[in-house]
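Work through the exercises below with the sequence and the structure in view. Each task is followed by its solution.

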Amino acid sequence: MLSLQNQRQPKTSALVDDYEISDTVLGLGINGKVVQCTNRRTKQNYALKVLLDNEKARREVDLHWRVSGCKHIVNIIDVYENTYSGRKCLLVVMECMEGGELFQRIQDKADGAFTEREAAQIMHEICAAIDYLHSRDIAHRDLKPENLLYTTSQPNAILKLTDFGFAKETFTNDTLQTPCYTPYYVAPEVLGPEKYDKSCDIWSLGVVMYIIMCGFPPFYSNNGLAISPGMKKRIRTGQYDFPDPEWTNVSQSAKDLIKGMLNVDPSKRLRIQDVIRNKWIAQYNAVPQTPLCTGRMLKEGEETWPEVQEEMTRSLATMRVDYDQMQIKALDKSNNPLLTKRRKKIEEIYGTNATARN
Ligand SMILES: Nc1ncnc2c1ncn2[C@@H]1O[C@H](COP(=O)(O)OP(=O)(O)OP(=O)(O)O)[C@@H](O)[C@H]1O
């Protein structure tokens, strides 16, 4: 159930009255196409994402809209609720990110032109987006290369995070949203551990930073199959290294930061506050200008890049499921008397499996 508080309402007028939809496809995702559209009055170009209107889509739009004010998050301009061939759709008009994906831009740089300091600046921008979200108790849960886009192809372009399809409010627990539950009386910590969802974003930050520094991922499957059992084990046990020669000149501070973000235990993993306070991020202007081999390695691995993306997508999906289950277990084990009382009441109403619904 979505809170109506502060929730903006989509327009019910026809989108085509205000925007002309073009044939230019900006990107493809599991939820459909993102196409270019043009404001009829201002002639400005925008990106249009079409979603089938359902509860999941409403949540995506609501959360994305709420955090649209952040400089490092793709801005939502307008949302329409229109019907096409009898199907209700949500039409999301966003700023058009003409600069394309982060890793394409790094790959396009001349060999040796990309330095550790630039890498730190990029991480600083991505961390600003995650900090904005986490401080508002929202976890993105789908932070991956293709969701990091540049405003333009100019040198001063801004890097922004998009795609809130898996975003989640970290203090809302569906299991407790029953008529007998009054949220105003309950302290946030009573609602259960919210750390798992946020720690998923920190793991992604660690993987993205690793790739930014060297041009290949920390975990990959040996047999070419996306997320093989071996790869899953390596992720779970934190088996990755910093091989030579790509990592030889990279600073120890950068490696330590990655280690902190890829800690296998989500409760020991760094939090976004630790990350943004880390010297390598906070004082990115003082990071050494050591040339990195990222561009060359990305070029060399161009053919396998779709697999790298696929693997990260699957790893995140696995992690979301695992963490949701850990969260439910942690809730079940909680000794908090108020929670126990509520759980008993829920069980009286819905039966014994009620607390496992999510
Ligand atoms: N505002 C934008 N400007 C330009 N291109 C965009 C914009 N938003 C999305 N795209 C492109 O469209 C692709 C798909 O968008 P998005 O990730 O939002 O859709 P999705 O269906 O949720 O995808 P996914 O499969 O990643 O979950 C992006 O990877 C990107 O290439």
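Two strands pair if DSSP finds at least two bridges between them. Strands (E, at least two residues) and helices (H or I, at least four) are DSSP runs, numbered from the N terminus. The model is predicted: local features need pLDDT of at least 70, side-chain atom pairs count only at pLDDT 80 or more, and totals for chains, interfaces and linings use all residues. Residues are numbered from 1 along each chain as its sequence is written.

**Exercise 1.** Find the order of the open sheet of 3 strands, and its edges.

Solution. The order is 6-8-9, with antiparallel pairing. Strand 6 (100–101) and strand 9 (159–161) each have a single partner strand and stand at the edges, so one side of each has no neighbour in the sheet. Next, take one pair: strand 6 and strand 8 (residues 148–150) are joined in the antiparallel sense over 2 bridges. Here Glu 101 stands opposite Leu 149 of strand 8.

**Exercise 2.** Locate the ligand relative to the two domains.

Solution. Start with the division of the protein: domain 1 (13–93) and domain 2 (98–171 + 186–317), with bounds from an automatic or database domain assignment. Their centres, taken over C-alpha atoms, are 27 Å apart. Both domains give residues to the shell around the ligand, so the ligand lies between them.

**Exercise 3.** Describe the shell around the ligand.

Solution. A residue is near the ligand if its C-beta atom, placed from the backbone, lies within 6 Å of it. Of the 20 residues around the ligand, those that come nearest are Gly 27, Gly 29, Asn 31, Ala 47 and Met 97. Strand 1 gives the most to the shell, with 3 residues.

Technical notes
Nonpolar A, V, L, I, M, F, W, Y, C, P; charged D, E, K, R; others polar.
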